[in-house]
Amino acid sequence: MASAFDIEEIYPDEPSVRLPRRQSGPAPQGVAVTLLADYTLRTRAALPSAAIVALLAEAGVTSAGARTAISRLARRGVLERSRHGRHSSYRLSPTVAADLSAGGNWILTSTAAATPWDGCWTIVAFSLPQEHSAQRRALRGQLRWLGYAPLYDGLWISPTELTPPARARLAQLTLGAVTVFRGRHAALEAAGGRAPIEAWDVAAIRGQYQEFLRRWTPLASRTGSVDGAAAVRARTEVMDTYRRFPTLDPHLPLELLPAGWPRQAARDLFAAVYDGLADPAERHVRAVVARHTGGAPPDVRAHTTADMLAGVRADGCGASG
């Protein structure tokens with residue numbers, strides 16, 4: 001189920017820098033950002049390029065692929081470069097660190113227990129000419145990000161209200177070609193009426209949850225026996241997999257879902273694995289980095305779900321209170 005880490009998928013809004021898109025197969029740029037976020041987001045520590053290459057090698061990325069990925073991320077403004085003699089180090093840029101912090105918070109808050117639903121739907125109706133295909137794709141992508149799904153081609157719905165920032169973003173994308181309503185569904189007695197919840201493939205979403213639970217439940221009970229590179233790889237993979245659920249299941253009302261909906265079970269399992277492996281993964285990353293810093297203790301700290309919920313300050317100097 002896990003696939004290449006796609007940084008753009010964890011942002012609730014359009015990122016302020018151009019970040020790597022998903023690739024087929026290994027995604028060195030995405031894995032590099034994942035590693036730096038998981039172990040330096042609070043400190044924005046600069047890691048030697050050789051250490052980043054070594055960590056990526058443990059994730060199956062070739063040395064050439066790792067160095068190319070680092071170079072491209074630096075050109076895009078995702079990483080900041082510093083030089084010490086002949087050696088280079090890299091750290092997350094302030095903007096990207098803030099975006100990743102917001103994205104991590106969004107992942108957990110979006111999968112928290114759903115609040116009581118008022119029974120109303122937000123409907124976004126739009127009409128764009130065929131020649132505006134790029135604008136249509138951008139609008140659909142933004143709607144998907146905001147938790148909307150297409151009930152019909154030009155009519156997207158969500159059970160949650162449209163926030164002012166989201167409203168402003170849609171206005172910029174559509175230039176007057178969109179109308180937003182909020183109201184209750186009036187069911188038709190005639191056969192063939194489509195319920196709003198059918199905009200989502202509920203069975204497929206449940207299948208994704210069930211696959212996640214099958215894949216990670218065995219590991220949750222033995223995180224203490226996983227160490228070294230295996231702990232780092234598992235944390236990267238469980239994050240890569242779990243962070244997709246906010247877009248698959250955007251706080252859909254439990255009243256409309258089958259009994260025993262596994263949203264909370266998946267969230268609890270993610271926390272058990274991600275947090276349970278934090279200490280051994282941090283020790284391993286510290287050891288790898290120390291080999292390339294002359295033994296100096298690197299400022300590496302494993303990010304946890306508590307950190308994701310707390311966020312980090314814009315200056316990158318630790319969790320906000």
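How much area does the protein chain expose, and what share of it do carbon and sulfur atoms supply? The protein chain exposes about 15000 Å², of which carbon and sulfur atoms supply 53%; accessible areas come from the Shrake-Rupley method with a 1.4 Å probe. This is a predicted model, in which local features need pLDDT of at least 70 and side-chain atom pairs count only at pLDDT 80 or more, while totals for chains, interfaces and linings use all residues. Residues are numbered from 1 along each chain as its sequence is written, and side-chain values use heavy atoms, with hydrogens and water left out.

The protein chain has twelve helices and seven strands, taken as DSSP runs (H or I, at least four residues, for helices; E, at least two, for strands) and numbered from the N terminus. Of its 321 residues, 48% are buried, that is, under 20% relative accessible area with a 1.4 Å probe, protein chains only.

In strand β4 (residues 120–126), six of the seven residues are buried. Its pairings, which require at least two DSSP bridges between two strands, are as follows.

| Partner of β4 | Bridges and sense | Bridge partner of V124 |
|---|---|---|
| β7 (residues 178–184) | seven bridges, antiparallel | V180 |
| β6 (residues 155–158) | four bridges, antiparallel | W156 |

The axes of helix α1 (residues 28–40) and helix α8 (residues 228–242) come within 11 Å and cross at roughly 105°; axes are lines fitted to C-alpha atoms over the stretch in contact, with angles running from 0 to 180 degrees between N-to-C directions. Helix α1 is therefore roughly perpendicular to α8, a term covering 65 to 115 degrees. T34, L35, D38 and Y39 of α1 make the contact with V232, R235 and T236 of α8, where contact means heavy atoms within 4.5 Å.

Note on methods: Buried means under 20% relative accessible area, exposed over 50%, partly exposed in between (1.4 Å probe, protein chains only). Angles under 35 degrees count as roughly parallel, over 145 as roughly antiparallel, 65 to 115 as roughly perpendicular and the rest as oblique.
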